[in-house]
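User: Please go through the salt bridges and one helix of this model.

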Amino acid sequence: MSKKLGFRKALESRIKKSQVAAKKKAISIFTAMSVAHVDDEDQSPGEVRHVEKALPKGDFYTGQWSDNLPHGEGKYLWPDGCMYVGEWFKGKMMGKGEFSWPSGATYEGEFNSGYMDGKGTYTGFSGDTYKGSWVMNFKQGEGIYSYANGDRYEGQWRGGLQDGHGKYLWKNGNHYTGQWRNGLMSGNGTLIWSNGNKYDGSWEDGFPRGNGNFRWPDGSFYVGIWGKDGKDQSGSLPNNLDWDPQQMFLEDLKDCKVCPGEKLSILPSQKMPNWPAMAKKNEGRQRRLSKLHNHSSSSVVNDVFAASEGNSWVDDGAVWIPDPENSDTRAFRSPFKKMVKKQGQTISKGHKNYELMLNLQLGIRHSVGRPGPAISLDLKPSAFDPKEKVWTKFPPEGSKHTPPHQSCDFKWKDYCPLVFRTLRKLFNVDAADYMLSICGNDALRELSSPGKSGMFFYLTNDDRYMIKTMKKAEVKVLIRMLPAYYNHVRSFQNTLVTKFYGLHCVKLTGSAQKKVRFVIMENLFCTHYAIHRRFDLKGSSHGRTTCKPESEVDPTTTLKDLDLNYIFRLQKLWFQEFCRQVERDCDFLEQERIMDYSLLIGFHFREVSSPNDATEVVTPTGHQDPENEGTPQQPEASKDQLPADPSRPPSTRLGVNTPARVEKTVRKQDSEALVGEPTGVFCDVILFFGIIDILQDYDITKKLEHAYKSMQYDPTSISAVDPKQYSKRFRDFIFKVFVEDA
């Protein structure tokens, strides 16, 4: 028995030795080999050497190597035939390089953390070619796509699809120039056929829809309202022409299909190897963040380094923590990420205001789509007459001027239609885009009022327009001040006062006889940037706090004067223009006896990777400072909200995409000052702001409120004061909150 046990032990020992030898042999196949042999353990930190590495799973790397990671120039080959040749930075494809697929397709251009990001050219296996801008593997910004079938597109892209303004040329000679959305002709555009026929007008999802005209080479034309199904179609033909507009849908558009282009089988970012050295580094950073979390009272600290492959992330709230890599710096960052969620409740069938939304959309389509005279910016006084309003009946079965619909019977009123039509032109609002935003297939979203008015707000699905229900008194104020408002916004392009696009009323027939008045205006926060903080500032202190614990404050919370803990620092030119415009706008509101308005501010914390990062400087004219021009960083955004052109800042004007710095402030407990003490802690932000709630005049109600509250509180602390006093207090406060960035 003892002999058998001895034999078994000897056999087990031999097997173990053979397994260890095999393991060593396998490891030796995948260890580092270099032109001059390199032992990674002997490599000094930060030292760059040239290596050739056979890696697990059959991968192979040759090139510069530092800290156990590719760093510098290098080539990486995968077993499936994919290959990358170019620049690396700490284990990531970063800089200029070329990625090739086994199919023969190639991408040559700029990379960022493994993503095709920047300027680059993709050449497909079938002959397709795209040359232009990329953002995180998506065609994004300006670009030219040449299709293998001979078609060509030149223009703007978003999320890998044609979106924005662009021109598509078919190989048969037809060409379309105009607006695109999600890869289809949508918005205002012109299609010209090779035979000389031409359609100019509104498009939706690749087909004419709404107002448009069709012209023949001989000069004859058809003008009307278009629809693919023909139900809402109407128009007038020349007397001598026998032609059905549906022929364009059935015949003329057959040869105008947009080529889909090639699809990538796998993305370079999906091929990024998981380096052990990077895993250790991230683990260490996680531990440091965990320590910060344990000492922080903030409730929004999340996993900073959550994997984002295949998802869109945005910053959600800014937590002021020092950079762990530079503990002595006063630069701070906002590293907290969360999935995008749109505000509001979608108004779908069954919602209490569903029929009201349908009525509103029917009315807007009728008002904006109705043919009118050529617009002149010089309006006659009669256009502003309070009696200048148009009533239209909308029976469910339809009428001579209105289409049949599935809503209830209602009446629609347009106030001063010519004035608001001219204002839309003045504000560069395209009629077709305006109708598509409000009356398209997407439903509106309802927001309950953040204020005390009890009014409701509705947002269009693309966030461009806000619709607010109004009291009768507010309608009267707007109509009264409309001539002065028109002259003011016409004189000052950078005005901060609310932009109004339409004033309407829906009157339900029957026993209810309910009237709903509403105004359509610009949404200040229509942006692809996540708005991390928003403030409503008046310059008064009584009742001017949100009364929410810090744990319940999120990016959708509108904070007030006593909640303010920042000073906004503007560059010199921006600050000078800001001061001038606030003075002009306050003078205008004071003259119109308006009070109780506020400055609504929203801002996005920019990503800061180090205190030495250069911030691109944009002047009030919208141009970049060439001395500070650097590689732009992709703002965290949802897929359908990517910037129009990543190669330059989005459209920038005073109050929209305005670059600034915020300085953290601390309010002393015994201090009565609204503005806290500066702390010297800064962060780069992008600002959005404007003067809102400009329809409250100093009427008898406000005078009584002033008299009553003045007996109970400090008269200077209450909101209801004389317009002149209100204007002075508002300016004084705003000019303390906004300062010039030295």
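The questions and answers below cover side-chain pairs and helix packing.

User: What kind of model is this, and how are residues numbered?

Analyst: The model is predicted: local features need pLDDT of at least 70, side-chain atom pairs count only at pLDDT 80 or more, and totals for chains, interfaces and linings use all residues. Side-chain values use heavy atoms, without hydrogens and water, and residues are numbered from 1 along each chain as its sequence is written.

User: How many salt bridges does the structure hold?

Analyst: A salt bridge here is a side-chain nitrogen of Lys or Arg within 4 Å of a carboxyl oxygen of Asp or Glu. By that criterion, the number of salt bridges is 19.

User: Is Arg731, which pairs with Glu590, buried or exposed?

Analyst: The salt bridge between Arg731 and Glu590 has an N to O distance of 3.3 Å. Buried means under 20% relative accessible area, exposed over 50%, and partly exposed in between (1.4 Å probe, protein chains only). Glu590 is partly exposed at 24%. Arg731 has a relative accessibility of 11%, so Arg731 counts as buried.

User: Which residues of helix α5 are buried?

Analyst: Helices are DSSP runs (H or I, at least four residues), strands likewise (E, at least two), numbered from the N terminus. Helix α5 spans residues 417–426, and its buried residues pack against α4, β25, α6, α7 and β29. Those buried residues are Val419, Phe420, Thr422, Leu423 and Arg424.

Note on methods. Contact = heavy atoms within 4.5 Å.
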